[in-house]
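Work through these exercises on charged side-chain pairs. Try each task before reading its solution.

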Amino acid sequence: MHMGSVPRNMQLDISQMRSDFPILSKKINGKPLVYFDNAATTQRPVQVIQAIDRFYRETNSNVHRGVHELSERATEQFEAARENVAKFINAKSPNEIIFVRGTTEAINLVAYSYGKKLRRGNRVLLSLMEHHSNIVPWQFLREKGVELDYVGVNDDGTLKLEDYYGLMTKQTKIVSIAHVSNVLGTINPVEEIAKIAHEKGSLILVDGAQSIPHVSIDVQEMDCDFFAFSGHKMLGPTGIGVLYAKESVLEQMDPFMGGGSIIKEVQLNESKWNDLPYKFEAGTPNIAGAIGLGVAIDYLNVIGMENIRRVGKGLTEYALETLPEVGDIEIYGPKNSEDRVEVFSFNLAKVHAHDVASIVNDYGVAIRSGHHCAQPLMRRLGVPATSRASLYAYNTKEEIDLFIQSLKKAKEVFN
Amino acid sequence: MGMDMYAENILDHYKNPRNFGKLNNPTGTYKDSNPLCGDEVEIQLQLSGDKIDDVAFTGRGCAISQASTSMLTEQIKGKEIGHVKKFTQQDIVSMLGISIGPTRMKCALLGLRTLQKGLWGMSAPSDLTNLQ
Ligand SMILES: Cc1ncc(COP(=O)(O)O)c(C=O)c1O
């Protein structure tokens, strides 16, 4: 697909990939780190770390502000990163790429700027598997009389697709849906949902925070109006993320924040907005972050998203096969590696999720426990919390084995 | 942190919580939860004057939050109510007898926080600010 990618069926050398991530060779509690918290944030390869370091040492300067050499070079690199992002998700133009802090800010931007156009009685359609960041910004619109609807979740962790037909009305103006669930790992059929939304005259926002690290993204094929993601969940830095939106849609929207960069002309009482994408980028952006994200994308391209997905499926199959060995374990989400990524939420009978995470930590295993910012989904599952092991392509079957041993210890402690 | 957190006394209180249940005629009922993990406790007090005649709690959550609340009820039963107000984070740590990191500290403090907030509107145990 991309230049320089590893040929489709070439075996990915995982140990070589791992050696690019300095933190993966750290010891935790005297044990080798088993980092299974990638859905919270992935680690960064040395290429990304060095790019940020190099920027601050060699080209640091503000962008779009000066004509001096450094500012020109910083601007070039910043805009090259934007082009890189555009290519990575197959956007039509870099003008459709808005740099933000992360997925949360991207969704807030849309809820505010597109939300301004909504009227009393309009509706926004979400789902029960959304992260709070794809719920709360929409709740702000309830103040002006906008109503929220929720598509349900089946027992197997998939979306109740039929709900879209029942819940879409003429009043539905935005459908917003996670591409991949951060709790269940489910991959949702966003192309199909986009079709349904458009047939009914609604726009669709796809929350790509958990999909972009695992599967290759083509926003034109998906035909989404908005696609939001975070750099830090795809080997890039924290504090940088992207809102993709169709140019035609962005043209209809007012800015989210006021400030420098977003204006062409400022009078005392009003201003004229700048061209895209700058209209939505008020203030000095996270320049080093954007450059780091560009390098993370280069890294993913070299490895190849097809390879990443293939390794991920292998890890999913192995985990789903071996985790039941622990006994008294409930694993949530689809059972088929086609329909999910390698993110596993589970509960051990008799052991609270928090206690599981604390005990496996003794074995160097980093997992998360809690509600994962998805309380409506926890309620749907009927549990206060889950433990979550979220893997990435640089994880190994041996690490899954270690993890399973540590889970057995947790069971012993509480038996 | 980790395994040594699950000392015998902690597991004992978790599996056999003391003063677990509801009182018939409570003077006050105080409820709170830890938003981080959804741990919940509800503590009831029966006071005569300033003395805690009886105490009971219900709840659900991790071993640390539930064991800590169980131990706390044992510590305050029969004491003056002012005793609860003076309780500090350090007292909870000594009571549990284990070392605890900043995240799990919130679990450990849930019971105390519930009472101090419910009774006096205290925002956090008095030396929570020492938490690095
Ligand atoms: C599905 C999903 N959406 C949104 C977010 C929010 O991302 P961020 O915290 O980077 O803004 C997350 C992060 O956990 C997520 O998993």
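**Salt bridges, step by step**

D328(A) counts as exposed, at 52% relative accessibility (buried is under 20% relative accessible area, exposed over 50%, partly exposed in between; 1.4 Å probe, protein chains only). This is a predicted model: local features need pLDDT of at least 70, side-chain atom pairs count only at pLDDT 80 or more, and totals for chains, interfaces and linings use all residues. Residues are numbered from 1 along each chain as its sequence is written, chains are lettered from A in the order written, and side-chain values use heavy atoms, without hydrogens and water.

**Exercise 1.** Find the salt-bridge partner of D328(A) and place both residues.

- Step 1. The partner is K411(A), with the closest N and O atoms 3.6 Å apart (a salt bridge is a side-chain nitrogen of Lys or Arg within 4 Å of a carboxyl oxygen of Asp or Glu).
- Step 2. K411(A) sits in helix α14 (residues 397-414), D328(A) in the loop between α11 (305-322) and β13 (329-331), 83 residues apart. Helices (H or I, at least four residues) and strands (E, at least two) are DSSP runs, numbered from the N terminus.
- Step 3. K411(A) is buried, at 17%.

**Exercise 2.** Is D149(A) buried or exposed? Describe its salt bridge with R123(A).

- Step 1. D149(A) is buried, at 12%.
- Step 2. R123(A) is partly exposed, at 25%.
- Step 3. Their closest N and O atoms are 2.7 Å apart.
- Step 4. The pair links strand β5 (residues 123-127) to strand β6 (residues 147-151).

**Exercise 3.** How many salt bridges does the structure hold?

- Step 1. The total over all chains is 24.
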